[in-house]
Amino acid sequence: MYSPGNVYRQGWDDRLQGLAYAPGQYTGVLYEEYIQGYNDCHQQIIENERRAKLNSPLQGHPLYKEAHDDVNKQFLTG
């Protein structure tokens, strides 16, 4: 039986477990709810890793800075 948020939680749990979302699993509004949970979890994972990186105990070390200077640079390929 469906109750509000069930499909959102399913999307969140699937992403947390590293599962690829199944596009045909839900349709319509349920698909939107599922994909929102999946995407919100994905963003939470990214933010947690970003915070962990910024709070590294080695952050002040010169070699740490040098190793991470190019992280946000984009390179053109051609």
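This is a short tour of the structure above, stop by stop, with something to select at each one.

**Before you start**

The model is predicted, so to speak of local features a pLDDT of at least 70 is needed, side-chain atom pairs count only at pLDDT 80 or more, and totals for chains, interfaces and linings use all residues. Residues are numbered from 1 along each chain as its sequence is written, and side-chain values use heavy atoms, with hydrogens and water left out.

**Stop 1: the whole chain**

Show the chain as a cartoon. You will find three helices and zero strands, in the order α-α-α from the N terminus on. Helices here are DSSP runs of H or I with at least four residues, strands are runs of E with at least two, and both are numbered from the N terminus.

Now switch on the surface. The chain exposes about 6,400 Å², and 56% of that comes from carbon and sulfur atoms; the areas come from the Shrake-Rupley method with a 1.4 Å probe, and for residues only the protein chains shown count as cover. Of the 78 residues, 18% are buried. Buried means under 20% relative accessible area, exposed means over 50%, and partly exposed lies in between (1.4 Å probe, protein chains only). Taking contacts between residues at least 6 apart in sequence, 51% join residues at least 24 apart, where contact means heavy atoms within 4.5 Å.

**Stop 2: helix α2**

Select residues 28-54, which form helix α2. Its 27 residues should span 39 Å at 1.5 Å a residue, and the end C-alpha atoms are indeed 39 Å apart. The expected span is 1.5 Å times one less than the number of residues.

Next, colour E33, Y34, I35, G37, Y38 and C41, which are buried in α2. Add residues 6-16 to the view: this is α1, part of what covers them.

**Stop 3: E33**

Zoom in on E33. What surrounds this residue? Leaving out residues up to four places away in sequence, E33 touches Y2, P4, G5, N6, V7 and Y8. E33 is buried yet has no salt bridge, and R9, the nearest side chain of opposite charge, is 7.0 Å away. For charge, Lys and Arg count as positive and Asp and Glu as negative, while His and the chain ends are not counted. A salt bridge is a side-chain nitrogen of Lys or Arg within 4 Å of a carboxyl oxygen of Asp or Glu.

**Stop 4: the salt bridge**

The structure holds one salt bridge. Select R50 and E47 to see their side chains meet, with 2.7 Å from N to O. The two are three residues apart in α2, so about one helical turn separates them. R50 is partly exposed at 44% relative accessibility, and E47 is partly exposed too, at 29%.

**Stop 5: the tyrosine rings**

The whole structure has three aromatic pairs. Select Y26 and Y34: their pair is tilted, 5.2 Å centre to centre, with 35 degrees between the planes. Rings of Phe, Tyr and Trp (its six-membered ring) pair if their centres lie within 6.5 Å; planes under 30 degrees apart count as stacked, over 60 as edge-to-face and the rest as tilted. Add Y38, and ring pairs link Y26, Y34 and Y38 into a cluster. Y34 counts as buried at 1% relative accessibility.

**Last stop: Y38**

Stay with Y38, which counts as buried at 12% relative accessibility. Which residues does Y38 contact, leaving aside neighbours within four places in sequence? They are G11, W12, D14, R15, L19, A20 and Y21. Finish by selecting the C-alpha atoms of Y38 and R15: they are separated by 5.5 Å, although the two residues are 23 residues apart along the chain.
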